[in-house]
Amino acid sequence: MTTNSVAESEEKTVEEETKTGNIESHSEQNKTPPIKSTTNIIHDGLYVTIGSIFVFLFSYAFRIVLSRYLSVEEYGLFYAIWNFLTFFLFFIYLGLDQASVHYVVKYKVENNYGKIKSIILSTLAFQLLTTSIFIVGIFFTARFLEEHYFRYPGSGQLLMLMSVFLLFNVLGGLSSYVLYGFQRLKVYAFYAPVQAFLYLTLFLVFWGMGASLSAPYWTYVATSLVLVLIFLPFSWKAFPFFRHKSTNFWEVTRQLFSYGLPVILTAISSRLLIQ
């Protein structure tokens, strides 16, 4: 068989494969995702706006209920513990929450699902690690903080209880980042309203069960867990985690920390200026 006949047979084979769809996967991987229509964008924006309104209403009602059910000292203690924990969120979460949103959107446009899985694994691993270390530190220093910082009997136990909220919050927050990155805004828009609604209703439930002083702390822990149970299936549907293989894990991790470090510094500076 001559060289020309071999080349012609190879060209025919390629043409047949193209017609039968055997080499369509490469073109599908490089295909740019469809751009949302103006109508869809308006609908998504409307969902987010309505969600923000409900967040305001439920949050306002929750603060009113807290002020009515708790004494002045108990109310002040709750927000003292809350502000103490949230101050350290900058160091605990390492700025990876904002970084993961940025890079999930970036690699979703590129259809690079292997790197998206690496983002999820890296963010989850480092945030769970730092959160666990912080919670252990809280458990060891709770008695000291109770005596020398909060100066309220039983505040150490309440601080330990409240710190568990941070662990579940990592999982719930990661679910919301995936939903946002994959433009599931109709579901994402319900995250904050559901959270605010759960704060209000679960506080009343725990108070009715006789939790009294510990009711708001149990409320935050239970809410963070319920949010994971509600929104994790939606995030798995948006991104089938076990269907894809992680790629370039350490490269992605380096990108996340490079993006997250300036975020931490900016947040700390802003917090210090406000206080």
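Ser212 is partly exposed, with a relative accessible area of 34%. In this predicted model, Ser212 sits in the loop between α10 and α11. Its phi is positive, at about 50 degrees, although Ser212 is not a glycine. Most residues other than glycine have a negative phi. Arg151 also departs from that tendency, with a positive phi of about 55 degrees. Arg151 lies in the loop between α7 (113–150) and α8. The relative accessible area of Arg151 is 66%; exposed means over 50%, so Arg151 counts as exposed.

The chain contains 12 helices and zero strands. Read from the N terminus, its elements run α-α-α-α-α-α-α-α-α-α-α-α. Of the 275 residues in the chain, 39% are buried. Among contacts with a separation of 6 or more, 81% join residues 24 or more positions apart. One pair of positions distant in sequence is Phe56 and Ala192, which are 136 residues apart along the chain. Their C-alpha atoms are separated by 9.8 Å. Phe56 belongs to helix α3. Its relative accessible area is 52%, over the 50% cut-off, so Phe56 is exposed.

In soluble globular proteins, nonpolar side chains tend to be buried together. The largest nonpolar core here has 60 residues. Ile81, Leu85, Leu159, Leu166 and Tyr217 have the most contacts inside this core. Helix α8 supplies the largest share of the core, 12 residues. The surroundings of Leu85 can be listed in full. Leaving aside residues up to four places away in sequence, Leu85 touches Phe134, Ile138, Leu159, Met162, Ser163 and Leu166.

Aromatic pairs number 35 in the structure. In one of them, the ring centres of Phe78 and Tyr217 are 5.4 Å apart. The planes of these two rings meet at 75 degrees, so the pair is edge-to-face. Phe78 lies in helix α4 and Tyr217 in helix α11 (residues 215–238). The pair therefore ties together parts that are 139 residues apart in sequence. Both Phe78 and Tyr217 are buried. A second pair, Phe182 with Phe239, is tilted. Here the distance is 5.5 Å centre to centre, with 35 degrees between the planes. Phe182 is in the loop between α8 and α9 (185–188), and Phe239 is in the loop between α11 and α12. This pair therefore ties together parts that are 57 residues apart in sequence. Phe182 and Phe239 are both buried. One aromatic cluster is formed by Phe62, Tyr69, Tyr75, Phe78, Tyr79, Trp82, Phe165, Tyr199, Phe203, Trp207, Tyr217 and Tyr220. Phe78 and Tyr217, the edge-to-face pair, are thus among the members of this cluster.

The largest pocket holds about 610 Å³ of space. Its lining comprises 29 residues, of which Trp82, Leu89, Phe165, Asn169 and Gln195 are the closest to the pocket centre. Two of these, Trp82 and Phe165, also belong to the aromatic cluster. Elements that give two or more residues to the lining are α3 (38–69), α4 (72–87), α5 (89–93), α6 (96–109), α8 (155–181), α10 (191–208) and α12 (249–274). Helix α8 gives the most, with seven residues. By class, the lining has 19 nonpolar, eight polar and two charged residues. Helix α8 thus leads in both settings: it gives the most to the pocket lining and the largest share to the nonpolar core.

Terms used
Residues numbered from 1 in each chain as written. Predicted model: local features only at pLDDT ≥ 70, side-chain atom pairs only at ≥ 80, totals over all residues. Heavy atoms only, no water. 1 Å grid on protein atoms, 1.4 Å probe; cavity = no way out; pocket = protein on both sides within 12 Å on 5 of 7 lines; lining within 4 Å. Points joined across faces, edges and corners; volume = space filled by probe spheres on them. Helix = DSSP H or I, 4+ residues; strand = E, 2+ residues; numbered from the N terminus. Nonpolar A, V, L, I, M, F, W, Y, C, P; charged D, E, K, R; others polar. Core = buried A, V, L, I, M, F, W, Y, C linked by side-chain atoms within 4.5 Å. Buried < 20%, exposed > 50% of the residue type's maximum accessible area, 1.4 Å probe, protein only. Contact = heavy atoms within 4.5 Å. Phe/Tyr/Trp six-rings, centres within 6.5 Å; stacked < 30°, edge-to-face > 60°.
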